[in-house]
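Subject: A structure for you to explore

Hi there,

Here is the structure I promised to pass on to you. Please open it beside this email, so that you can look up each residue as you read.

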Amino acid sequence: MSRATASIERHPASSNNGLLIGVALGMAFLTFMAFLSVVKQGNLFNESNLLYLALIFYGGASALYIGFGVTGVERYVKFASIATAIGFAANTLAAGHRWYIAGRPPFANIYEMLLSFVWTVALLTLVAERKYKVKVIGTVTMPLAVTGVILMQLLPSAVHPLVPALQSTWLQVHVTLAMLAYAACALSFALAMMFLIRDQMKTETFLAVTSGMVTAIYLGIMTRFEKWGGLAVSAWDAQNKEEIFIQKGVRLMVTIPDLGWILLLVLLASVVPLAIYGMAKWRKRENFLTAANRAVFIGIALQVIALGGFILRTRGAAYASPDADGLYPTALAASPFILSGLITAIFASLLYLMLYWRRAGLERLLPNADALDRITYKTIGIAFPLLTAMIAVGAYWANQTWGSYWSWDPKETWAAITWLVYAGYLHMRITRGWRGRRAAYFAILGFAVVMFTFFGVTYLLPGLHAYA
Amino acid sequence: MAAKSSVGNRVFRTLASVKTGIILLIILGVVAAAGTLILQRPMTDADQMTRAYAPQTLRWLDRTGLTDVYHSWWFALLMAALGVSIVFASIDRFPKAWRLVSRPYRRPEPHFRAVLPMQRSLAISHAEAGITAAEKAFRNAGLKPQRTVENNQTAVYAEKNRWSPLAVYVVHASLLLILTGGIVDAFLGYKGYLMLTPGQSTSKLEQQNGVTRPLPFTLRCDGTGQENYPDGTPKKWWSKLTVIEDGRVVLRKEIVVNDPLVTHGIRFYQSGYGQTGEVESLLLNATAKGETRQITLRPYQAAQLDADTKVALAEFIPDFVMRDGQVYARSKDPVNPAIRLAITNTAKQAKSEVWLFPALHQQSGNSPFQFEFADLQMAAYTGLQVSHEPGQWLVWAGCVLMAVGLVMAFYLVHQRFWAIAVETKNGPALWIGTAADKNREHYEESFTKFVEDIRADLARQDEESVPAGKRLVQA
C-alpha cells in the first residue's frame, strides 16, 4: 500500500495522464459511436445530436473536475475547462436551433427551461473559473449540468406552439430573469458550502447533513410506498409522451411491485450513519465516526442499486393499477421527481465522500474563507436584484394576462418567500454584520427555498404556473 | 409624563429595530408558506375542501382564517406591522444618514487618520505642492475636490456616488409604495367576470363577491372566436368589443389574451371562450311537392317556408340523449343534435311540430315538408375577466423605484477621498486616505494606483522646480 502511494508521488505525470487519456478516449469513443449512428440517419445538425455532444463534453468535464477535486492536479482543470467550453458551445447551438425552429426563445416548458438552466450553469461555471479563480466549482456544477441534460432526454421534447397565455415578450424576460437569478442562487449555495469546508467545519457535520438530506429525500419518495412493497408511479402514455389522467388533475398511478422494499432498505441505510453520528456525539466516542463513514459507503452502494432497479423497472414495462383494470406502461419521464431525488442523493453522498477522502487537498484548492464569504455575498448581491426584477416582471405579465398583478398562487407566494429569505440575509449581513458561518447557513437556506420553488411547487402544489 | 414618553419611546425603538423587522419577515414567510400548503377557499371548490379535511378540522381552519390566509385580518395586520416597522426604522435612521450625506466629513482628524485602513503618506517638498498634486489627481479621476483650511492646515476632500448611502431608504420607500398600492386596490379595486355572446351588451358587472356594480358605460360584444394551430391546440382567442356611452360608440377594440381593453380605468381581459350550446344559425333544406328551398333559422326569428307557412326554431339540444321518455342534453357540443321546429300555417291557422335528428337522418312529426340538415353555426361566448385596480400604478412606480434603489445599493459605491498636508518628523508629508462602503478589495488596488499617480506627479514637479544648472551639478 505504502509503496503504491510512494510510486504515485514519484511519477505524478503518468497518473495525471491516465485520467486525461481515459476521459479523452471515452469521449472520442462516444462521439465516434454517435457519429456513426448520425451518418446512418443522415441528419447531422439537429438539436438532439448537439445536445448529445454537449452531454459527452459536460460528462468529460465532470470527470476531469472531479479528478481535480480528488487529486488536486491543476492540469485537469485546464482540459476540463476546454471540455466545458466545447459543451457550452454545443449547448448554445442546441438552444439556438430550437429557438430558430420554434421562432421563439426556448422557455415554454420544463424541458426548455432545463435547456436554458444548464446553459446558464455552464456559463456561470466558466465565468466563476476565469474571473474569480474558483477552480473547484466545476466539481459541483458540471455534474449538475450532466444531470440536467440526462433529465432532458427523458422529458417530452417536441416543439409545442405556445398556448395563448404564454404569447408575450414579458414571458421571455420573466423566465430569463428567473433562470439567471436561480443560477446565481445555485452558485451562492456552492460557494457557501465551500466556505464551510474552508472554515474548518467538521467533516462529521457534513456527514450528518448529507445523511439527513438523503434521509429526507427517501422519506419523500416513501410517500409513494404501497402495500406489500410496491412503489406508486404515474402511468405514461408513450405515444403522446404525457402522463395519463383519470380526470382533470388526477393522475393514473401504477404500482411497481417489490421496488418499495429496496427503497425502504436504502432509507434505513441512510438513517444508520445519522444514528451512529448521534451516538458518537452523545457518548463522545470519536471511533464511532469510522463506523458511520462505513455505513455511508454501504448506503451509496445501496443507493446505486436502487437507482439501477428504478431505471430498469420503469423502462418499457407495464404494471397494474389500483384505480383501473389492465396493465399500464410507465416510463422514467413519468417520475422526474423521484428520479431527480435518487440522483441528487447519490450526488450529495459522492460529494461527501470526496470531502472525506480529500479534505486537506480540497482546502488547498479553495480560496481562503474570507474571500469565499465575500464572493458568496457578491453572488447574492447579483441574485437579489434579479429575483426582484423577475417577480416584478412576472407581476406585470400576470396583470396583462389574468387581470391581476398578484393572486397568491403557490409559485408566486414561494417566489415571494425566496425574496424574503434573501432580504433577511441582506439585513443580517449589512446591519448586524453577520459574516461567515451564519451567513453561509442563510445562503444555503435560500437555495433550498429556491429549489422548492422551482421543483417542489411545480410537482407538489397546483396553481396557475401549471405549464412551467 | 416622562414615564409615558419613555413607553412611547420604547414602542418606537422596538418597532424600528432590525430584530422586529426580521421577526416580521420570518412570520410572514411562514404564514405565506402555510397558505400554499393548506387548501385556500378562493381557489378551491367547496366540496373539495370538505373532502380534503375532516369537518372539525375544517371548522377550526375556517375560524382561524387559515383557509383564506391572504385575505385574513391577521395577515393584513402583519403586512401593516411590516409597513410600520419600515417607516419607523427609516424615521429612526434617516436623519443620521442624511447628515452624513449633506454634511460630509471633510477634514480627516488625527484619530481618524490613525484608524483608516486604506491610507498612504508621501513625502513632499512643501504643503502647497502636495495639495495641488492631490487636487490634480482627484480631478483626473473625475472628482470635484473641495479644499478646506483650518489652523493653517489645508485638506482636500472628494467623493463619488454621494447619494448611494441613501439607497436603502429608496428601497424601503419603494416597498411602502407597493404596499400602499396593494391597500388601495384592496379597498377601491374590484374584480368580476362577464360572459357575453356576439350581439349581447351589458352595463352591469357581477363582482367576485357577488355584488352587482353598474358600469359607467355599455359594453357590447361584436364577435368572438378561436384560431387553432395545425395540430389543433388553440393559438388565439379574440373578442371584438365596443364601448357605448350615451348611445354613442366611443371605443372599439379587438382584444386577445395579453392585450386587454382599457376604459374608465377598467380593464377587460380575454380569459375564457366556449360554446353556449345555443344555435347561432341553422341552415336547412326544406322540400315540399318536389320543390327544395334553403332556409336559415336563427333563434327567435321565423323564416318563410312558402306563401303562408312559417317555421321557427323552437328548441335545440346539441347532444341529446333519451332517458325515461325525456330528452336530455349530454353536452354542449353539437355531436348528436335534436332540433324542434314550430311550423305555423297562417292561412289555415294551424300549428304543428317537427323533431329533426340530423345524426340519425330522422324526422318525426306531421308536416308536408321534408327537412334536410345542411349546416350549423353554434354560438360561442367570450369570458371576460374585468378588473379595476387603481393602485397598480403605485405598484409599478414602486417596482421601478426599487430597481433604482437596488442598483444604487449594490452597484454604486460611495467612495470618499481625503488628502491633507501634515508635518512628520521626516518633514512635510501628504497624507492620502480613502474609504468605500462596499467592495473594499477592489478599491485597495485602484487606490494604490491612484497614490502612485500622485507620487509620479510630485516627482515630476520636484524635477521641474529644480533649476537646470543644479540638476547638472547633481548629475
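Below is a short tour of what was found in it.

One thing to keep in mind from the start: this is a predicted model.

**Chain B as a whole**

Let's begin with the overall form of chain B. It is built with 11 helices and 21 strands. Its radius of gyration is 40 Å, whereas the globule rule gives 23 Å for 475 residues, so chain B is more spread out than a compact globule. You can picture this with a box along the principal axes: the C-alpha atoms of chain B fill roughly 140 × 65 × 45 Å.

How much of chain B is buried? Of its 475 residues, 41% count as buried. The area that chain B exposes is about 26900 Å², and carbon and sulfur atoms supply 56% of that. The contacts are worth a look too: among those in chain B between residues at least 6 apart in sequence, 58% join residues at least 24 apart.

**The nonpolar cores**

Next, try colouring the nonpolar residues. The largest nonpolar core has 167 residues, and Tyr58(A), Tyr218(A) and Phe310(A) are those with the most contacts inside it. Helix H7 of chain A (residues 169-198) gives the largest share of this core, with 18 residues. A second core, separate from that one, has 24 residues, including Phe138(B), Ala158(B), Ala419(B) and Ile454(B).

What does Tyr218(A) touch, if we set aside residues up to four places away in sequence? Its partners are Leu263(A), Val266(A), Leu267(A), Gln303(A), Ala306(A), Leu342(A) and Ala345(A).

**Aromatic rings**

Over all chains, the structure holds 33 aromatic pairs. One of them joins Tyr352(A) and Tyr356(A), which are stacked with 6.1 Å from centre to centre and 20° between the planes. Both residues belong to helix H11 of chain A (residues 336-365), where they are 4 residues apart, about one turn of the helix. Is each of these two tyrosines buried or partly exposed? Tyr352(A) has a relative accessible area of 4%, so it is buried. Tyr356(A) has 31%, so it counts as partly exposed. Ring pairs also link these two tyrosines with Phe297(A) and Trp357(A) into a cluster.

Rings can have charged partners as well. In chain B, the charged end of Arg213(B) sits over the ring of Tyr190(B), 3.7 Å from its centre. The charged end of Arg162(B) sits over the ring of Trp163(B), at 5.2 Å from the ring centre.

**Two glutamines to find**

Finally, here are two residues to locate yourself. Gln400(A) is in helix H12 of chain A (residues 369-402). Its relative accessibility is 17%, so Gln400(A) counts as buried. Leaving aside neighbours within four places in sequence, Gln400(A) is in contact with residues of chain B: Asn258(B), Asp259(B), Pro260(B), Arg267(B) and Tyr269(B).

Gln304(B) has its place in strand S12 of chain B (residues 302-306). With 37% relative accessibility, Gln304(B) counts as partly exposed. Beyond its neighbours within four places in sequence, Gln304(B) is in contact with Arg293(B), Ile295(B), Thr309(B) and Lys310(B). For a sense of scale, Gln304(B) and Asp45(B) are 259 residues apart in sequence and 48 Å apart in space, C-alpha to C-alpha.

Happy exploring, and best wishes!

Definitions and conventions
Residues are numbered from 1 along each chain as its sequence is written. Chains are lettered from A and ligands numbered from 1 in the order in which they are written. This is a predicted model: local features need pLDDT of at least 70, side-chain atom pairs count only at pLDDT 80 or more; totals for chains, interfaces and linings use all residues. Side-chain values use heavy atoms; hydrogens and water are left out. Rings of Phe, Tyr and Trp (its six-membered ring) pair if their centres lie within 6.5 Å; planes under 30 degrees apart count as stacked, over 60 as edge-to-face and the rest as tilted. Buried means under 20% relative accessible area, exposed over 50%, partly exposed in between (1.4 Å probe, protein chains only). A charge sits over a ring if NZ of Lys or CZ of Arg is within 6 Å of the ring centre and within 35 degrees of the ring normal. The radius of gyration is taken over C-alpha atoms; the globule rule is 2.2 Å times the number of residues to the power 0.38. Contact means heavy atoms within 4.5 Å. Accessible areas come from the Shrake-Rupley method with a 1.4 Å probe; for residues, only the protein chains shown count as cover. A nonpolar core is a set of buried Ala, Val, Leu, Ile, Met, Phe, Trp, Tyr and Cys residues joined through side-chain atoms within 4.5 Å.
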